[in-house]
Structure formats: structure tokens, C-alpha cells
Protein chains: 2
Amino acid sequence: MRFQALPGFRDFFPDDLGQRRWIESAWHRASKNAGFEEIDGPVLEALELFTAKSGPEIATQLYAFKDRGGREVALRPEMTPTLARMVGARGAGLPKPIKWYSVPEFYRYEKPQRGRLRAFYQWNVDVFGSDEPAADAEAIAVALDALRMLGLEPDDVVVRVNDRRFISRALRELDVTERDEAEVLGLVDKLERDRTASPRLDDRLGASRADAVRGLCAEYPLDRAPELGAVIDAAREFGVTTPLVPDFRIVRGLAYYTGPVWEIFDRGRELRSLAGGGRYDKLVGALGGPELSALGFGMGDAVLGELLAEKKLVPKTQPRVEVAVVAVTPELAGEARKIVARLRARGVAAETPYGAPKLAKALKAADAAGAARAVIVGPDEWKDGKVMVRDLVAGSDQVVRVSDL
Amino acid sequence: MRFQALPGFRDFFPDDLGQRRWIESAWHRASKNAGFEEIDGPVLEALELFTAKSGPEIATQLYAFKDRGGREVALRPEMTPTLARMVGARGAGLPKPIKWYSVPEFYRYEKPQRGRLRAFYQWNVDVFGSDEPAADAEAIAVALDALRMLGLEPDDVVVRVNDRRFISRALRELDVTERDEAEVLGLVDKLERDRTASPRLDDRLGASRADAVRGLCAEYPLDRAPELGAVIDAAREFGVTTPLVPDFRIVRGLAYYTGPVWEIFDRGRELRSLAGGGRYDKLVGALGGPELSALGFGMGDAVLGELLAEKKLVPKTQPRVEVAVVAVTPELAGEARKIVARLRARGVAAETPYGAPKLAKALKAADAAGAARAVIVGPDEWKDGKVMVRDLVAGSDQVVRVSDL
């Protein structure tokens with residue numbers, strides 16, 4: 001073939017799309033179960049919408065270009081700026097809290113690798129207009145509910161939680177100024193993955209203060225973070241039985257988080273995070289929208305797909321049809337089409353060969369399509385207004401009137 | 001608000017998306033009912049994939065740019081090139097016919113106007129590997145089946161059909177050469193919309209031959225187009241009761257059609273076409289894929305949405321939740337969350353206020369969310385392990401055990 005998909009982009013053949021739709025279906029059901037309404041925004045937005053939030057450096061990861069009208073535009077790399085724009089346009093007239101979710105595809109020009117593509121689907125769940133810990137807790141519960149619907153056991157994953165307010169207080173007590181906080185958090189964020197982060201923390205804070213930070217990472221003083229305790233309690237009430245583990249290393253790189261932050265990992269910690277979220281009370285206002293407290297999370301399809309495949313939870317592809325109608329002679333092909341039309345009008349997925357293949361070949365095709373039954377239209381039965389119904393699993397036949405089908 | 005959606009792009013607020021999902025749901029059901037499997041391809045493809053099919057002039061309508069790796073890429077303006085690429089990659093190993101559908105979004109840099117946006121959703125249904133008229137007929141039947149599912153009556157629309165093979169034969173009989181055919185067809189295509197097309201046809205062919213072409217447009221000689229007659233007959237067998245009107249003016253501009261071509265219009269002919277399709281037997285091979293006969297159609301969401309709105313067929317938005325659980329005192333908010341968790345685990349869409357609003361306010365919010373029932377958790381009943389269930393439509397109350405909910 002002359003052409004291929006671009007690196008990091010995927011063709012979804014029926015089996016691939018079946019898996020994607022299965023995952024999306026859990027996302028939709030978990031969202032709707034909790035009273036979230038679905039929204040969507042444009043795939044293409046003004047470039048400035050994204051740089052306004054994340055600064056110009058994000059542009060190196062964007063699919064950005066000038067359109068034919070001379071506008072600087074970019075494919076969306078995430079949903080939050082679009083959400084802030086939409087809440088800004090309509091939010092004032094809507095009752096609070098606003099509970100929205102979406103299942104968009106995002107585009108990032110990154111090096112493709114395991115669990116990281118240049119185009120991926122992500123479930124986004126957000127709440128606008130509530131300061132209550134129960135709102136943060138519900139978001140965690142909804143994320144876990146979708147994983148349960150996909151067949152994961154509560155113990156297959158773990159939620160690591162933290163709170164940006166406690167982080168700030170703890171760093172202030174260690175005389176880390178507000179101005180230095182982002183830099184220190186950047187190192188804390190890397191402690192797990194990057195061996196140089198710990199010595200760099202020593203360099204930055206001195207051994208004693210760095211030890212204090214490492215101590216917070218080793219044992220979380222939950223008694224000093226009552227906001228986080230309230231979220232954990234409410235999540236338990238919302239039915240969460242998955243471990244909720246306070247962990248000082250979960251800071252969620254982006255600077256805009258203002259409260260609870262959390263990430264879901266597979267229990268074995270072999271994969272990247274399955275989902276991550278937190279509270280971002282200042283962002284909607286900063287993007288030009290109303291001052292509105294907000295929180296949310298994202299869950300991508302790539303890492304999740306790996307975990308589900310590893311646990312052998314991905315279901316088999318659905319059969320293509322339920323019933324195949326087969327004419328024994330070419331003259332009866334039109335009657336077969338009429339029977340197909342009757343079945344479809346009743347919501348039964350049915351088909352008949354377009355041409356006039358031999359019976360054995362047509363039945364083989366019916367089997368390949370996953371049909372449970374074949375309706376065989378043969379001249380002898382047809383004379384009496386009847387057809388043969390073959391159970392393709394059991395192999396048994398039954399002659400029935402067409403009107404009784 | 002500082003930012004807006006780009007011209008020709010849409011924000012989908014919950015009501016908007018509800019309508020889109022309702023339309024898509026009919027597309028999915030009609031496809032699956034007829035044994036079509038869903039596929040999807042990348043939003044972004046190599047630019048050359050699109051110019052190879054439609055020539056470099058299509059580039060003026062494309063969102064095309066150079067990516068950070070220096071590749072010339074473009075947002076997909078249609079599905080056929082991607083389909084041809086995917087059939088080329090896997091088609092050889094798949095049983096024929098291949099029956100695929102998709103519900104992609106497309107992007108075209110055109111002047112936004114009524115029923116024409118720069119980003120729109122389109123249902124695509126294609127069959128690869130069948131030369132039978134019944135295959136063309138099934139495509140028409142599937143398109144109409146979706147319209148029926150959306151509440152349109154068979155007579156609300158009309159399918160205008162033609163056949164490129166008959167067109168070629170008829171023009172050859174009028175001594176229009178194969179080389180001139182495209183130009184003449186371009187004028188025939190414009191006869192309805194462009195007053196200058198008829199005099200230009202005179203200029204091009206002379207009055208006598210132009211009259212002959214106009215005669216074909218006035219009365220279709222179906223007896224001279226048996227291929228089209230076979231499609232019409234098979235469509236009737238597939239249950240189509242919508243008028244199928246042979247019309248010489250339906251040529252489907254694009255040069256690649258090779259057999260039956262058709263378009264669906266609203267009966268009053270007030271809107272642009274709702275759907276259009278045809279057979280394109282040479283295209284897959286021309287795009288570098290295997291030689292494989294093919295046919296298909298596309299149905300967009302924009303014109304269809306207008307017709308459905310005009311006919312008042314768009315359903316009301318679904319309620320956000322079925323049950324609202326309300327704690328009468330702040331101390332019982334946690335118990336309300338536990339009840340919500342129990343209901344959700346049973347697949348009931350339920351929620352409870354995040355904070356502790358007064359009962360009247362909470363019930364008002366429950367009503368606004370569309371809840372049919374409120375579960376009221378009050379201290380008196382709670383002592384006995386009971387709650388009050390209020391029917392928010394009838395206004396009646398019932399005290400039940402929590403375990404019986």
C-alpha cells in the first residue's frame with residue numbers, strides 16, 4: 001500500500017474500534033450514573049486559548065498552524081481551556097454545580113512510545129461551582145466506577161492522593177517561599193522516576209530540609225491535611241473500596257492545581273498513571289471566564305487499554321449479524337431480501353448475500369458473520385409460505401411460516 | 001469572554017450534544033441492523049492521500065500544514081481515501097463483501113453558511129467487493145432506515161437516482177466523447193441551481209443535442225438503464241417505500257463514480273441534499289489499494305439537523321438523574337452519599353448535593369435535574385433505618401426501609 005497512517009495515529013479496524021467503544025461505553029455509563037452531562041468542543045481552537053493557560057512552551061507539543069484565513073490555530077491537546085471557554089459563555093445562567101463530561105480525542109506532538117500516542121481519547125469529568133470535598137470525592141468515585149464496569153477489581157488499582165494546600169503549608173513550614181515552590185514541586189514530582197531528583201533536592205534545600213521533604217514522602221501526616229481527610233471520608237461514603245493512599249509525591253506537574261490532586265495507578269505500578277485529576281479553582285477566571293471553583297480528571301484510552309488487555313478483560317467482538325437469510329435458488333433472492341427487511345424493521349440485525357451464492361457457501365458466510373440463526377428460503381417450503389430456520393449453534397432445523405418469523 | 005470557537009466550528013453544550021448523539025444513535029443502529037461494522041481512521045493524514053484522489057485543487061479547501069517533523073499533513077475532509085488505505089492494508093485477508101461504516105468528523109475550509117460548517121459529522125457506509133445491484137440497493141435502504149428511526153416518514157424525503165454507466169451510454173449516443181463527458185456532466189449537474197448552465201449547454205453541444213440532454217432530464221428512459229432498474233427493484237425488496245425517482249441531473253460531481261449514483265432530499269426540496277452516494281469501483285485501486293469494487297454514501301449532521309428541527313422531531317433532553325438523595329440535616333449527608341452509591345451500583349442515575357443545602361433548595365435542584373424521585377434522609381425515619389421516597393411528579397410520599405430501596 002502506498003499510504004500509511006501517520007506515526008502515533010491509529011487506524012481503528014472493527015476489532016480495534018469495538019474495544020474503544022467498549023471502553024467509551026463504560027465512561028458514558030459511569031458519568032451518566034452520577035448525573036454528569038456530556039459536552040464536546042471543537043477539535044481545532046485558536047492557538048492562544050492553549051498558550052494562555054500553559055504558556056508559550058506548550059506550543060512545542062502542539063499541532064499548531066496558520067489557517068487559510070491567517071488565524072493561528074491548534075488541534076486541542078486537552079479539554080480544560082475549551083471547558084473554561086464554554087463555562088464562560090453559558091456558566092452564569094446555569095444552576096451550580098455544573099457537572100459535565102466529555103470523551104474527546106487529543107493531539108500532542110510527542111515521541112510515540114508505549115502508552116503514549118500522538119492522538120488519543122480521554123475521558124474528562126469536571127465539576128464547576130462547588131468548594132465541597134464531596135465534589136472531589138465524587139470525581140474519584142466516578143473514575144473508579146468506570147474501571148469497575150470494565151471488569152477491574154477494586155484492588156487492581158490504587159488511588160494516590162495529595163492536596164496542594166497541604167503541600168504549600170508544609171513547604172512554608174520548611175521556609176520554602178511561594179516563589180520557590182514550583183521548582184521544589186518539580187523535583188518532588190520527579191523523585192520516583194528520576195534518580196537525579198533526590199540529590200538535586202539536597203542541592204536546592206540543603207540536606208536537612210531535603211530530608212524533611214523525603215520524610216513527608218515516606219509517611220504522609222494526614223492529621224495535618226484535614227482537607228484531604230474529608231475527601232477520603234466522602235469517597236468512602238460514595239462506595240470507594242479501592243485503596244486511597246495519601247502520597248506527598250503526587251503533585252500533578254501543572255501549576256494550576258489549588259486543592260486535592262490524585263492519580264490512579266495499576267496496583268503493580270508497571271504502567272503509567274491510568275487517570276489523574278484535581279481541583280483548579282483559579283483557572284476558569286484566569287482564562288477569561290467567571291470566577292468559578294472547579295475540579296476534574298482525565299482518563300486516557302491508551303494505558304487503560306494496556307491494563308485491560310493484560311488482565312484479559314477485553315471482550316470478544318460482537319457478532320456482525322444475528323440472522324442470515326439465505327435463498328436456495330437465485331429466483332428467491334428477492335424474497336430473502338423481503339424477509340431481511342421484516343427482521344430489520346423489528347430491530348433484528350440481519351442480512352442476505354447480495355448475489356446468489358450456493359447454499360453451502362452462504363451458510364459458511366453466515367457462520368463467519370457470527371449469525372446465531374439462518375433463515376433458509378427454499379422452493380419446497382416457500383410454496384407453502386414457509387421457510388427453514390436453522391440454529392447455527394445447535395445445528396437443528398425448524399420449518400416455520402414466514403408470518404411467524 | 002476572551003475566546004470564542006473558530007468560525008464554522010461548534011461548541012456542543014449538553015442539549016446540542018444530546019441532539020448529535022440522538023442522530024448518531026440512529027446511524028449506529030441502522031448500520032448494525034444491516035450487518036455493517038464500525039471503523040474509524042485518523043483525523044490527520046498525509047496530505048498526499050487526499051490530493052492523490054481529488055487532485056491538488058482540493059488543497060484549497062483543506063486544513064493542510066506541515067507538522068513538526070516536516071510532513072505535509074491535512075485534517076480529513078472525507079473518509080474515502082482513509083477507507084481505501086485501510087481496505088488496502090487488510091482487505092486481502094477479509095471475506096468479501098466488506099461492510100464498514102463510520103461516524104467521523106470532517107474539516108473543510110469553506111465559507112460557513114446555512115447547512116454548511118467547517119467541521120461537521122458525517123455517517124459513512126461502504127461496501128467493498130460486490131458488483132451486485134442488491135449491494136447498491138441495501139445502501140439506499142440503510143440510509144432511509146436511519147431517517148425512519150429519527151421519526152421521518154417515508155414520504156418526507158425522496159431519493160433521486162441515476163447511473164453513470166447509462167449517463168455515459170446516453171452521451172455517447174449524442175456523440176459526446178469520453179473526453180468531453182466530464183465537462184458536459186458538470187453543466188448537467190448545475191442545471192437546477194445555475195441559470196447559466198442551460199445556455200452554456202447550448203453553446204457547448206448545439207441546441208439540438210442540448211435539447212436531447214434536457215429531454216433526458218425531463219423524462220428518464222428507465223428502460224434504457226436496466227442496471228438502475230435492478231437497483232430500484234432490489235431496494236423495494238429491502239423494504240424501501242420512499243419514492244425512488246430516476247433523475248438524469250443527479251451525476252454526483254466527483255469524477256470517480258462508476259455506477260449507480262443517488263441523493264436524498266427533503267420532499268419539499270427546500271434544503272441541500274441530506275445524503276449522497278454511489279458506486280466507485282476504480283477508486284480503491286487508484287489509491288494504491290487492491291482492485292476492489294466499492295460503493296457507499298455519506299450523510300451529514302447539519303442539513304439533517306435542520307430538517308429534523310423543522311419537523312419538530314428533535315426529542316427533549318433526557319433528565320440528568322433519575323433519583324436525587326437529599327439529607328435533611330448536615331449530619332446525614334454521608335448517609336445520603338452511601339445511598340447514592342447503592343443506587344449507582346444498581347445502574348440508577350443518582351446524585352446528592354455536595355454541601356448541605358436546605359431541604360426546599362435541594363428538592364428544587366432535584367426537580368431542575370429532572371429527577372423522577374427524591375429520597376429524603378431525615379433524622380426521624382433514619383432512626384428506624386428508613387427514608388422517605390417522594391414521587392416528584394405525583395407529589396406523593398412513601399416511607400421505606402433503606403434495604404428495600
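This briefing covers the domains, one helix, the chain contact and one sheet of the structure above. The structure is a predicted model, in which local features need pLDDT of at least 70, side-chain atom pairs count only at pLDDT 80 or more, and totals for chains, interfaces and linings use all residues. Residues are numbered from 1 along each chain as its sequence is written, with chains lettered from A and ligands numbered from 1 in the order in which they are written.

**Domains of chain A**

- Chain A is assigned domain 1 (14–41 + 76–310) and domain 2 (323–404); the bounds come from an automatic or database domain assignment.
- The centres of domain 1 and domain 2 of chain A, taken over C-alpha atoms, lie 53 Å apart.

**Helix α1 of chain A**

- Helices (H or I, at least four residues) and strands (E, at least two) are DSSP runs, numbered from the N terminus.
- The end C-alpha atoms of helix α1 (residues 14–33) of chain A are 28 Å apart, which agrees with the 28 Å expected for 20 residues at 1.5 Å a residue; the expected span is 1.5 Å times one less than the number of residues.
- Buried residues of α1(A) include Leu17(A), Ile23(A), Trp27(A) and Asn33(A); a residue is buried if 20 or more other C-beta atoms, placed from the backbone, lie within 10 Å of its own.
- Gly35(A), just after α1(A), has a positive phi of about 80°.

**Contact between chains A and B**

- Chain A and chain B each bring 71 residues to the contact, where two residues are in contact if their C-beta atoms, placed from the backbone, lie within 7 Å.
- On the side of chain A that touches chain B, α12(A) gives the largest share, seven residues.
- That side of chain A has 38 nonpolar, eleven polar and 22 charged residues; Ala, Val, Leu, Ile, Met, Phe, Trp, Tyr, Cys and Pro count as nonpolar, Asp, Glu, Lys and Arg as charged, and the others, Gly among them, as polar.

**Symmetry**

- A turn of 180° with a shift of 0.0 Å along the axis lays chain A on chain B with an RMSD of 0.0 Å, superposed by least squares on the C-alpha atoms of residues with pLDDT of at least 70 in both.
- That is the relation of a two-fold axis.
- Phe65(A) comes closest to the rotation axis of the residues of chain A, at 3.2 Å (C-alpha).
- Both copies use the same surface, as 100% of the contact residues of chain A recur in chain B.

**A sheet in chain B**

- Five strands of chain B form an open sheet of mixed pairing, in the order β14-β13-β15-β16-β17; two strands pair if DSSP finds at least two bridges between them.
- β14 (350–351) and β17 (397–401) of chain B are the edge strands, each pairing on one side only.
- β15 (residues 373–377) and β16 (residues 386–391) of chain B pair in the antiparallel sense over four bridges.
- Arg373(B) stands opposite Asp391(B) in β16(B).

Technical notes: Buried ≥ 20, exposed ≤ 12 C-beta atoms within 10 Å, placed from the backbone.
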